[in-house]
There are 2 protein chains.
Amino acid sequence: MQPLRIAHVAPVATAIPPVKSGSVQTMTSLLTEGLVARGHDVTLFATGDSTTKARLSATYPHGYWHDATMWPWELYEMMNIAAAVERAREFDLIHYEAAYYPMALSFSRLSAVPLIQTLHHAPTSDEVALWRRYPDAPFIAISSEQAGLLTGLNVPSVVLHSVDTDRFVFRQRPDDYLLYLGRFTPGKGALQAIEVARRTGIRLLMAAAENDYYRNEIAPLVDGVHVKYVGEVDFDGKVALYGGARALLYPLQAAEPFGLVLAESIACGTPVAALDCGAVREVVDEGITGAVYADVADMATHLDRVLTLDRRRVRQRAVARFGVDRMVDEYVAAYRAVLETHQRR
Amino acid sequence: MQPLRIAHVAPVATAIPPVKSGSVQTMTSLLTEGLVARGHDVTLFATGDSTTKARLSATYPHGYWHDATMWPWELYEMMNIAAAVERAREFDLIHYEAAYYPMALSFSRLSAVPLIQTLHHAPTSDEVALWRRYPDAPFIAISSEQAGLLTGLNVPSVVLHSVDTDRFVFRQRPDDYLLYLGRFTPGKGALQAIEVARRTGIRLLMAAAENDYYRNEIAPLVDGVHVKYVGEVDFDGKVALYGGARALLYPLQAAEPFGLVLAESIACGTPVAALDCGAVREVVDEGITGAVYADVADMATHLDRVLTLDRRRVRQRAVARFGVDRMVDEYVAAYRAVLETHQRR
């Protein structure tokens with residue numbers, strides 16, 4: 001098949017890929033580089049300090065996360081997507097990665113080619129009601145969980161995220177601890193993770209930036225021995241933490257549209273113990289990469305189901321399901337499906 | 001000449017005209033109704049609870065100032081302007097009244113007809129540097145002061161604001177007080193107004209919403225006799241306050257792009273005493289509608305120059321210079337100038 005001419009529009013908050021962290025930026029980079037590797041003609045609309053094998057169209061030298069004069073950020077994002085839409089006829093399609101909200105909707109009827117969007121959050125029903133002003137604009141959902149929220153919108157495909165399995169390296173023999181990794185919020189289940197550790201008697205390491213919720217609710221339960229706080233870690237520290245854990249605890253209390261830490265953990269060979277919430281069942285393969293429990297008591301009682309999983313098999317399944325190849329293949333298929341529908345009109 | 005087919009895009013924060021206050025909304029309404037009265041074919045893109053003789057294209061039933069679920073407001077504004085741009089071929093031009101920032105820039109190269117913008121604030125140089133990505137997009141400035149800030153942009157015309165001189169009624173004989181009316185901020189010169197009142201021995205009434213600056217800096221100087229705080233007033237209360245004042249004090253400390261209270265005051269026949277700042281000299285006709293002073297001492301010493309002005313003549317000049325007719329005429333001329341330039345390309 002003909003290679004596609006793709007305008008890939010990144011957020012302009014920071015570089016692609018991000019120097020520190022930024023899941024939207026990371027995902028955008030993985031997709032762009034994967035598309036280029038398959039021979040597609042990709043123009044990445046991103047900040048000038050981005051690193052890519054695609055053709056870079058830099059609207060600004062750097063991102064607004066690093067420059068207080070770049071305000072209001074919405075106007076910077078608008079001009080970046082406008083730069084792509086103004087050149088629409090040079091492309092087969094435009095793919096917009098919406099870090100905050102789907103700005104591309106307002107441009108979708110003004111674009112000469114299909115404008116496809118990936119959202120990176122779980123929208124409220126009020127947001128979705130507004131977006132229904134553009135019922136034809138195609139969204140690629142990041143999970144069936146997220147697709148279920150996009151009622152009345154055009155969601156032709158679901159493509160799960162991927163992780164860079166070259167960088168999330170496999171480790172066969174873990175140390176003797178459980179891991180909680182994620183922001184300290186009630187929704188992420190930090191308290192529940194501590195409860196599971198307490199009941200199983202296995203040590204818990206907790207990694208994330210300190211915040212008020214940590215100081216008020218979590219810190220009093222951290223004794224430095226059975227429950228240890230290791231602070232915020234960089235990329236290498238994160239990979240080391242995953243690899244050393246017997247299991248990642250993911251006792252989610254509020255639905256999320258994906259759950260990237262699950263994919264990262266299993267890529268390192270570390271199985272996951274999760275509660276049934278949000279997109280968890282779409283990411284975890286029961287009995288292969290982890291287990292999904294009904295509640296905290298169930299998780300604590302039957303944690304062995306996760307601890308005894310074959311770590312090499314966990315890694316293999318992670319590579320197959322969350323490696324970049326699968327994601328890029330599925331995005332290309334999703335693009336072609338949108339183009340076909342568009343041409344049939 | 002042929003009537004123009006105009007898409008007039010209002011902010012969608014509240015109704016046009018606003019039920020309570022909102023200078024952008026008021027100005028938008030005055031212009032739209034004035035254009036309709038002259039026989040132009042106007043489509044107003046505004047909230048459904050707006051009142052207009054133009055054709056109303058309601059993107060939403062009401063504005064986001066009144067509905068916390070209408071969030072983020074930027075996306076609501078974007079979709080409202082997009083609704084006009086999507087129908088561009090039905091119009092000769094689109095005129096966007098930017099309450100916050102010139103979102104229309106991002107749409108300007110995608111619009112089939114010229115997209116003209118009126119800004120209602122004084123932009124920073126960083127903002128303007130960003131806007132220069134669109135050097136051809138036409139701005140109509142609200143003062144030469146504002147035009148001077150729009151360096152490197154296309155500013156073919158300056159059109160000063162107007163006030164509804166039917167509603168700001170003339171009063172021949174004032175009471176015996178000076179008036180401060182405006183938000184309590186250091187830039188508006190509330191402290192300086194008190195100083196002038198103290199030095200001249202004339203009573204000062206102060207009207208605006210209470211805020212921290214009022215409580216901390218102004219309230220200690222309010223004695224209820226020589227300096228009296230009358231709170232926040234509605235429209236009728238405002239007109240009554242203007243009419244009863246011997247003069248409006250406008251000792252501005254930070255430049256503003258226009259100064260609507262000046263035009264409102266003189267429409268009521270009440271002359272103004274101002275400091276030379278921002279657009280003040282463009283609004284005040286020295287020796288006719290007021291006086292512009294070098295500093296507070298100068299204002300206090302020579303306040304008589306204002307107090308002795310002929311109030312009927314103040315009103316007449318206000319009607320001539322800030323009546324709606326003048327503004328509408330100038331906007332139509334500005335529209336035609338943009339269209340002529342556009343056609344010559």
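# Notebook: strands, symmetry and salt bridges

I began with a single pair of residues, and I noted that Ala7(A) stands opposite Thr43(A), a residue of strand S2 of chain A. I remind myself here that the model I am reading is a predicted one.

**Entry on the strands.** From that pair I moved out to the two strands, and I found that strand S1 (residues 5–9) of chain A is joined to S2(A) by 5 bridges, with the two strands running parallel. I then looked up what connects S1(A) and S2(A), and I recorded that these two strands, together with helix H1 (residues 23–37) of chain A, make a right-handed β-α-β unit. S2(A) also pairs with strand S3 (residues 55–58) of chain A, again in the parallel sense, and this pairing has 4 bridges. In that pairing I located Phe45(A), which stands opposite Ser57(A) of S3(A).

Is strand S2 of chain A largely enclosed or left open by the rest of the structure? I checked its residues (41–46) and found that 5 of the 6 are buried, so the strand is largely enclosed by the rest of the structure.

**Entry on the cis peptide bonds.** Following chain A past S3(A), I looked at the peptide bond between Trp71(A) and Pro72(A), which is cis, with omega at about -5 degrees. Pro72(A) lies in the loop between S3 and helix H2 (73–85) of chain A. In chain B I looked up the bond from Trp71(B) to Pro72(B), and it is cis as well, with omega near -5 degrees. Pro72(B) has its place in the loop between strand S3 (55–58) and helix H2 (73–85) of chain B.

**Entry on the two copies.** I next asked how chain A can be laid on chain B. A turn of 180 degrees with a shift of 0.1 Å along the axis does it, and the RMSD is 0.1 Å. That is the relation of a two-fold axis. The residue of chain A that comes closest to this rotation axis is Leu110(A), whose C-alpha is at 3.3 Å. I also noted that 100% of the interface residues of chain A are interface residues in chain B too, so the copies meet through the same surface.

**Entry on the nonpolar core.** The largest nonpolar core has 80 residues, and among those with the most contacts inside it I listed Ile94(A), Trp131(A) and Phe107(B). I chose Phe107(B) for a further look and, leaving aside residues up to four places away in sequence, I found that it touches residues of chain A, including Met78(A), Phe107(A) and Leu110(A), and residues of chain B, including Ile81(B), Val85(B) and Leu115(B).

**Entry on the salt bridges.** Side chains of opposite charge can pair when their charged atoms come close. I noted a count of 38 salt bridges over all chains, and I looked at several of them. Asp175(A) and Arg171(A) meet through their side chains at 2.8 Å, N to O; Asp175(A) is partly exposed at 39% relative accessible area, and Arg171(A) is partly exposed at 29%. Arg281(A) forms a salt bridge with Asp276(A), where the closest N and O atoms are 3.1 Å apart. Here too I found partly exposed residues, with Arg281(A) at 48% and Asp276(A) at 45%. In chain B, I found Glu210(B) and Arg215(B) in a salt bridge of 3.0 Å, N to O. My last note is of a network of salt bridges that links Arg38(A), Asp325(A) and Asp329(A).

Notes: Residues are numbered from 1 along each chain as its sequence is written. Chains are lettered from A and ligands numbered from 1 in the order in which they are written. This is a predicted model: local features need pLDDT of at least 70, side-chain atom pairs count only at pLDDT 80 or more; totals for chains, interfaces and linings use all residues. Side-chain values use heavy atoms; hydrogens and water are left out. Copies are superposed by least squares on the C-alpha atoms of residues with pLDDT of at least 70 in both. Contact means heavy atoms within 4.5 Å. Buried means under 20% relative accessible area, exposed over 50%, partly exposed in between (1.4 Å probe, protein chains only). Two strands pair if DSSP finds at least two bridges between them. A crossover is right-handed if, with the strands pointing away from the viewer, the path from the first strand over the helix to the second runs clockwise. A salt bridge is a side-chain nitrogen of Lys or Arg within 4 Å of a carboxyl oxygen of Asp or Glu. A nonpolar core is a set of buried Ala, Val, Leu, Ile, Met, Phe, Trp, Tyr and Cys residues joined through side-chain atoms within 4.5 Å.
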